[in-house]
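Biologist: Please take a close look at the salt bridges of this model, and say where the paired side chains sit and how buried or exposed they are.

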Amino acid sequence: MKMKTIYLWLLTAIVLCGCSDFLDREPKTNLSPASFWKSESDLRLATNVFYQNMNRSYTLDNQSADGFANVSNQVSSGTQSPGNTDAIWTAAYKQIRNANNFLENYQNAEVSDAVKNRYAGEARFFRAYFYFNLVKRFGDVPYVLSTLDMDSEELMGPRTPKEQVIAGIIEDLEFAETHIPLKSKLSTDVGRLTKGAAQAMLARVALYCGTRNKFHGDGEYKKYLQIAKEASKRLIDTKEYSLYKDYRDLFLLPGEDSDEHILSYRYSAEADTYNSRIRATIADPSHTPTKVLADAFLCKDGLPVEKSAYKVEYLPAGKEFENRDPRMALTLWKPGDPFLGKPFVPNLSSQTRTGYMFKKYGDEESYSNMKSRIDEILIRYAEVLLIYAEACFELEDKISDADLNLSVNRLRARFEGHPDQLPALTNAFVEQHGLSMREEIRRERRVELAAESFRYDDIIRWKTAESELPVAILGAKFDSALYPTTIPGKDVTLDKNGFLLVQKAESRTFDVSKHYLFPLPLREVSLNPALEQNPGW
């Protein structure tokens, strides 16, 4: 395992310092602008706090129909209600303030402009990162580019239109792309932001904004899709990144710091940090796949299960994996596969409610090892290829075979030589089989990025949540031979076709008038009535 860069929990006091109470004398116990902001080490130290706060929850796919935990998810079910506080809101504005404070002080450092701008690029990347989290969740939000005092007028100001916030996000990311070096120039600085990370985040943001505007009718969208296409292509053209050959190991220790990783949340024994996802994936029902995700994997002829010449059979357990996209058996555990020295049989009471379990990030050793150090990938090259494909298509409602070969078909070529390798996706193939190119590009994204916290954002921006969420949540077909002591109707609930039923459609709803945005925290609206609550909340 390669030595990991250690990011320190430090300097909240540093980045928040400078209050008026301390203007006339420098405190002895806190670092202040008078003694800090002098060297590259200071700039580096001040940006470390951002890395500690960028991790996303690995259970976010439970907000979609593709994931399920031990109990139903309130967002997925449409039963959430406004809270007094919101963790995303609080965390984002705390880090935005840190970024603003950095940008008000970094010019004082006695270093070259190139060094100053590199770390300013990091601060602006993270300011964009956290504002993007806010815009996705709430729409219009207060947009602040300076540190505020208790009497600042902006504290009681209204929300800023999201298009203005997005413009600022894009400007910050373009600055970051310009001034943060390429990965190849930071070979001794593994783990920190690179130019590629800025390009990938810019492409991610622009694709989200472009497609959301397109499908919600919220305004101009082509300019964003053009930005997404160009930013992703710039990254591709650097040739700094490539797909890791072994899809299984990509999410385990052997794949760490491979050329597919663009940005990861890092764990290390030195910092005594560990990734809770790893053991939870195989030991707890905190996030498990559902039937709708399992059915999304194509058959090996490149066709969906309902169109393929290969008839998908669900019994005995594990048979549905036959003649399917190789990623299926690398993303989901197949019953009967070796697991801790025995044939794998998911425990329907302690491991999964759906009968499916994620194999992605599923490290068997972590079943007994409570402190796995496997890094969490936040941005990888495969996503960039998928962004490029989707941006190309949505710009003109068509895509060339050349662009498919540059993107989707590279993902499929990862499995060259595998008996179930999918055929190339081409315009002729789509036309011949009566498929939708848009749906096949979206499907490729869904299965490639399964369990990586993208699905909910995707169905929100595509405006398909209203049809995808208010449905019954099913799991695998119940195999009584595997569970001879489990009694249907008592221990498990089955639908009329014998599939595990973990949540009835009647308990799920989606209100188009409000559920495409989250409610603002009630405390914030109470303190500042100018914010105004989102519609319907």
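Modeller: A residue counts as buried when its relative accessible area is under 20%, and as partly exposed when the value falls between that cut-off and 50%. By that criterion R455 is buried, because its relative accessible area is 8%, whereas E468, at 24%, is partly exposed. In this predicted model, these two residues form a salt bridge in which the closest N and O atoms are 2.7 Å apart. That pair links distant parts of the chain, with R455 in helix α18 and E468 in helix α19 (residues 465-468), 13 residues apart.

Helix α18 also holds R461, whose side chain meets that of E390 in a salt bridge of 2.8 Å, N to O. Since E390 belongs to helix α13 (residues 381-396), the contact between R461 and E390 ties together parts that are 71 residues apart in sequence. Both R461 and E390 are buried.

A further salt bridge joins the side chains of R380 and E452, at 2.7 Å from N to O. Here R380 lies in strand β6 (residues 376-380) and E452 in the loop between α17 (437-448) and α18 (455-461), so the pair connects parts that are 72 residues apart in sequence. R380 and E452 are likewise buried.

R380 and E452 also belong to one network, joined by salt bridges that share partners, whose members include E260, D325, R327, K360, R412 and R414. Across the whole structure, the search finds 45 salt bridges.

Note on methods:
Residues are numbered from 1 along each chain as its sequence is written. This is a predicted model: local features need pLDDT of at least 70, side-chain atom pairs count only at pLDDT 80 or more; totals for chains, interfaces and linings use all residues. Side-chain values use heavy atoms; hydrogens and water are left out. A salt bridge is a side-chain nitrogen of Lys or Arg within 4 Å of a carboxyl oxygen of Asp or Glu. Helices (H or I, at least four residues) and strands (E, at least two) are DSSP runs, numbered from the N terminus. Buried means under 20% relative accessible area, exposed over 50%, partly exposed in between (1.4 Å probe, protein chains only).
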